Amino acid sequence: MDGRESQEQRTEPRVSPGRPSPPRAPFHSPVGEAPEFLRTLWHGPEPQLLIDPSDGQIVDANEAAARFYGWSRELLRSFTIDRINTLPPAEIRARLAEARQRPRSRYVFQHRFADGRVRSVEVITGPVRIGDRIFLWSTLHDLSELVRRSPEFDTLARQYQALVEQLPAVVYAEEAAPPHRKIYVSPVAERLLGWPASALQVDRVTWYERYVLEEDRAWALHEEERTDRSGEAFQVEYRFRTGDGRTIWLRDEAVLVCDPLGQPWIWHGLLTDVTAQKRMEARLQRELAFHNTLLGVASQLVAASHDRMEAAITAALSEIGQFLAVDRLGLFTCEDETVTCLVHWRAPGLDVRVDFPDTSTLVCLQWVRRQLERGQALVLPALADLSEEANNERFLLEQLGIRSLLAVPLFSSGRLLGCLVAAMHRHERQWSEEEIDLVALVGQLMTVALQQRRAERAEAQHHAWLRATVLASPDALLVLDEQGVVRFASPAARSTLGQDPVTIIGHPLWELVTERERIARWVLNELAPDYPHRIEATVANSTGRVVELSGLDLRAEPHIAGIVLSVRDVSERRRAEQLLRERATRDQLTGLANRFGFLEELEALLSRSPHWVLGVLCCDLERFSLLNDAISWEAGDAALRAVAGRLRRVSDALLAARLEADRFAVLLGASDPGAVVTVAEELLRDLSGWYVVGSDEVYLRMRGGLAIVQDGDDAATVLRRAEIAFQVGKRSGRESLAVYDPALYQASVERQLLERDLRRALEQGDLRLHYQPVLDLRSQQVSSVETLVRWHHPTRGPVSPAVFVPLAEVTGLITQLTQWVLLQACRQLRRWLRSGAMPHLAVSVNLSPTDFVHLDIPQLVEDILHVTGIEPHQLTLELTESAILDPAVSRERLERLRALGVAVLIDDFGAGYSSLGYLKRLPVRGLKLDRELIRDIECDPASQAVVRSVLDLARALGLSVTAEGIENAQQEELLRELGCDYGQGFWLGRPLPPEELAALLRPKA
């Protein structure tokens, strides 16, 4: 290069693929004898070679060729052309012979260069006669250099390469001249055709012999030769053997590209896999051939009626079976777990001993059913292809003599409807995709036929059911036209409307009822097409007959174009409802309204806003239970009926009711609130008096509560206020009438809230116990502690026992409270004793009179002592005088407590009215003087005298005495002088929590 010789230029090449030239005489170039224009070309800038076509010897090379290849002219003249050209020697000889026969030829070869590279070289050659010899005069162009010099080549090359490699087809370049070698094949060939690109770079003859099926070679080669001659675009389709052994259809299409001189240069082609298209074409041809048969089958199935459907399906199977040349076809249906062979066909002349199985056998073929439920055809070319799980199926097929099977599922709305089965008895069969598709298509037609068959059967059954329903229904069915005229009436119209169905057809519906305008408006304007509307009407010319009409407006429905009505006779139901209503709103004993009826009628009166003032009186009979107990329940009922009779005769009573038991409610009206109160008082006086009950005469007195109706009040509110006034008056001891006051209501509400909170406090353990020491006045030592309940409300703060203990007694919570206090007090005493308290210490607990009467206190105390381990003498119970008024009850229980060893004290002695004679008969251990006796004992001689008398009486009876309410030292000293045993009060010790009292309970040193 550049006039300088490389090492390879100065020496022979170490490896020469061409044959060595024989020794020659001093070189004499034939170029000197060439025509003038060739000599001029020889000395020009383009590389030139002079080649002997008979053996490929390079006869001469110009200086430009030496620079082009990098070898010296002498070295080039020693080469044959196969030293430079990379083609096999046989192809090189073929090219030399071909170029010698043409005036001008153009080739692109891969040439070796002195630097070891191989580059693309364009060779334009042609024969020339110099002297008596023929040479090939060749002009060389470095295509690589030309391309390299193009500034856009790299970009274009990369884009072209990316495009070629992404195409779903193989791009190739083939020489335009024989032997038409493919000099380029895109890399995608290995993926699409299964051959590497290098294996496909062969000449045309080799291409067809190696890769194309024999039956496609001749006509494809003929088409290639024709386009070689004409130069037009080439396109053929043939079957090609891929590298993995498959056979595919290739579309081979190419265009001829010419050189700048207009000479054929190269075929630029594209190989496309058209196998899928070919299969589709074959399938279409197959389906086209099947079209007439399929069309006939479809026509038969669609036109067949319900009773002819099975025959039509059998005929269809016959045509399909003959067309497919199968031995047998069968259509099976699946309903739930039942499989039935609906129809089957077998080829004429087929000798089969066993017929298709019955239903009981098919139920066992669970494996086949699972396969079909997946929605795919079951293809069995041979029984050997059956799964190992299909034992039942294999046994059945062998029994039937079936050697090959094809079954396609029939689906409807995602549910397996059945299957169409094609079977071969005479030989095994490889079922083609076209045959599978055709059987599946027939199966779809059969599915439609089965659906039609089932639909027609269901429709016929539906019509039968509908007719039976219409005939059997006790409700009449009417169909009206757009104007409301009856066009159809079911037989039940005779019983519901009282008229013959034939006579009402042609008449508007509203002529059959009394309220014509209302019914006409309802029929024509108020009905809807999607939801039935109901209305009741009275039948004309019929006494007391009431019907319920339920209708749909289906005038927009083309098959009906009218209004559909259901008519039901509800006369008996209305009478029964009226009777039930009377029973629900009337008191059966007195005939007055009950609570529900009173509230309903009162609400109606309030809604009419009368001009006078209204009031509700709630009243009951005083000591009515004593009447029942003293005489009889029948007498009580007679008294209630007598009171109801007087209420009916009271002119000022707008409404009266018996609410419950002996409680009544009366609605009163007057000109002003004061007059209402006066009327209520007079009514209570009128109702109070002597009543004749059977053969007896009794005096009954009424007591009540009154609530005045305010603007905006509802019935329930007014009655509740009257009952609140009644309860408050009853608790306060009023003899006659209590009038509702908002403060009374608020107090009632507060009482209810406090009751709720007390119940919750008991459940959650929010109550606390404090203990007040009781001192022995002689020794000044603590002898016992009294248990006191304390309740600190989270929002109200401290609540006095004087408030919540009576509330507990009224509401029944006192029992739960008493049990809790007893248990907690005994447990606390046990803890004090274990922590070192005085061993003689006792704890006292107050008992409610209610609990002492109604609870088994001795048993409760015994159980708690057993649980806590406290000695009986360490527990003291305190009872008020009212708790022991009934000596029969109190003495028995007090004796049991004394037998247990538990002390009982009479609390608040001197505050009640009990007889002192009880003291000598009751087994109690002591008395607790009421604090009122102690309050002024230090300054009142009378109080001193009373206390001295009680102390003398107690000593005479052997009872201990404890003084409550000691507030100063004078009271303590005086009581000690009088001989009182024990003392208790703020002066001696306040109530304290157990942890603060513990130090006081330890023995003094």
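Helix H23 (residues 633-649) lies across three strands, S21 (613-621), S22 and S23, and runs at about 5 degrees to S23. Helix H24 (residues 673-687) also packs on this sheet, where it touches S21, S23, strand S26 (702-708) and S27. The direction of H24 makes about 160 degrees with that of S26. Keep in mind while you look around that this is a predicted model.

So what is the sheet under those helices like? Five strands, in the order S22-S23-S21-S26-S27, form an open sheet with mixed pairing. Strand S22 (653-660) and strand S27 (737-739) stand at the edges with a single partner strand each, so one side of each has no neighbour in the sheet. On average, neighbouring strands here are turned by 20 degrees against each other, ignoring direction. Zoom in on S22 and strand S23 (residues 663-670), and you'll find them paired in the antiparallel sense over 6 bridges. Ala657 has Ala665 in S23 as its bridge partner.

**Another sheet, and a hairpin**

Now move to the stretch with strands S11 to S15. What order do the strands take in this open sheet of 5 strands? The order is S12-S11-S15-S14-S13, and the pairing is antiparallel. Strand S12 (338-346) and strand S13 (378-380) are the edge strands, each pairing on one side only. From one strand to the next, the twist averages 15 degrees. In this sheet, strand S11 (residues 328-335) and strand S15 (residues 415-424) are joined by 6 bridges in the antiparallel sense, and Leu331 has Leu420 in S15 as its bridge partner. A helix lies over this sheet too: helix H12 (residues 309-324) crosses S11, S12 and S15, at about 55 degrees to S12.

If you'd like a small example of pairing, try strand S24 (residues 689-693) and strand S25 (residues 696-700), which pair in the antiparallel sense over 5 bridges. Tyr691 has Val698 in S25 as its bridge partner. The hairpin of S24 and S25 has 2 residues between the strands, and Gly694 takes a positive phi near 65 degrees there. As background, strands of a sheet pair through backbone hydrogen bonds, either parallel or antiparallel.

Here are the three strand pairs side by side:

| Strand pair | Sense | Bridges | A bridge partner pair |
|---|---|---|---|
| S22 and S23 | antiparallel | 6 bridges | Ala657 and Ala665 |
| S11 and S15 | antiparallel | 6 bridges | Leu331 and Leu420 |
| S24 and S25 | antiparallel | 5 bridges | Tyr691 and Val698 |

**Odd backbone spots**

Most residues other than glycine have a negative phi, and most peptide bonds are trans. With that in mind, look at the loop between strand S6 (170-175) and strand S7 (182-185), where Pro179 sits. A cis peptide bond joins Pro178 and Pro179, with omega at about 5 degrees. His180 is found in the loop between S6 and S7 as well. His180 has a positive phi of about 60 degrees, although it is not a glycine.

**Spaces in the protein**

How many cavities of 30 Å³ or more turn up? The count comes to 4. The second largest cavity holds about 170 Å³ of space. Its lining is made of 16 residues, with Ile51, Ile81, Leu96, Phe109 and Val123 nearest the centre. That lining divides into 11 nonpolar, 4 polar and 1 charged. Strand S1 (48-51), helix H5 (89-101), strand S3 (105-112), S4 and S5 each give at least two residues to the lining, and H5 provides the largest share, 4 residues.

The second largest pocket has about 920 Å³ of space. There are 36 residues lining this pocket, and Glu786, Leu788, Pro801, Asn846 and Asp907 lie nearest its centre. Here the lining residues divide into 15 nonpolar, 11 polar and 10 charged. Among the elements that each supply at least two lining residues are strand S29 (781-793), helix H27 (801-811) and helix H28 (814-834).

**A salt bridge**

Side chains of opposite charge can pair when their charged atoms come close. How many salt bridges does a search of the whole structure find? It finds 51. One to look up is Asp142 with Arg119, where the closest N and O atoms are 3.5 Å apart. Asp142 lies in strand S5 (residues 133-142) and Arg119 in strand S4 (residues 118-130), so this pair ties together parts that are 23 residues apart in sequence.

Notes. Residues are numbered from 1 along each chain as its sequence is written. This is a predicted model: local features need pLDDT of at least 70, side-chain atom pairs count only at pLDDT 80 or more; totals for chains, interfaces and linings use all residues. Side-chain values use heavy atoms; hydrogens and water are left out. On a 1 Å grid over the protein atoms alone, a cavity is a set of points where a 1.4 Å probe fits but cannot get out, and a pocket is an open set with protein on both sides within 12 Å along at least five of seven lines; lining residues have an atom within 4 Å of a point. Grid points are joined across faces, edges and corners, and a volume is the space filled by probe spheres set on the points. Ala, Val, Leu, Ile, Met, Phe, Trp, Tyr, Cys and Pro count as nonpolar, Asp, Glu, Lys and Arg as charged, and the others, Gly among them, as polar. Two strands pair if DSSP finds at least two bridges between them. Axes are lines fitted to C-alpha atoms, for helices over the stretch in contact, and angles run from 0 to 180 degrees between N-to-C directions. Contact means heavy atoms within 4.5 Å. A salt bridge is a side-chain nitrogen of Lys or Arg within 4 Å of a carboxyl oxygen of Asp or Glu.
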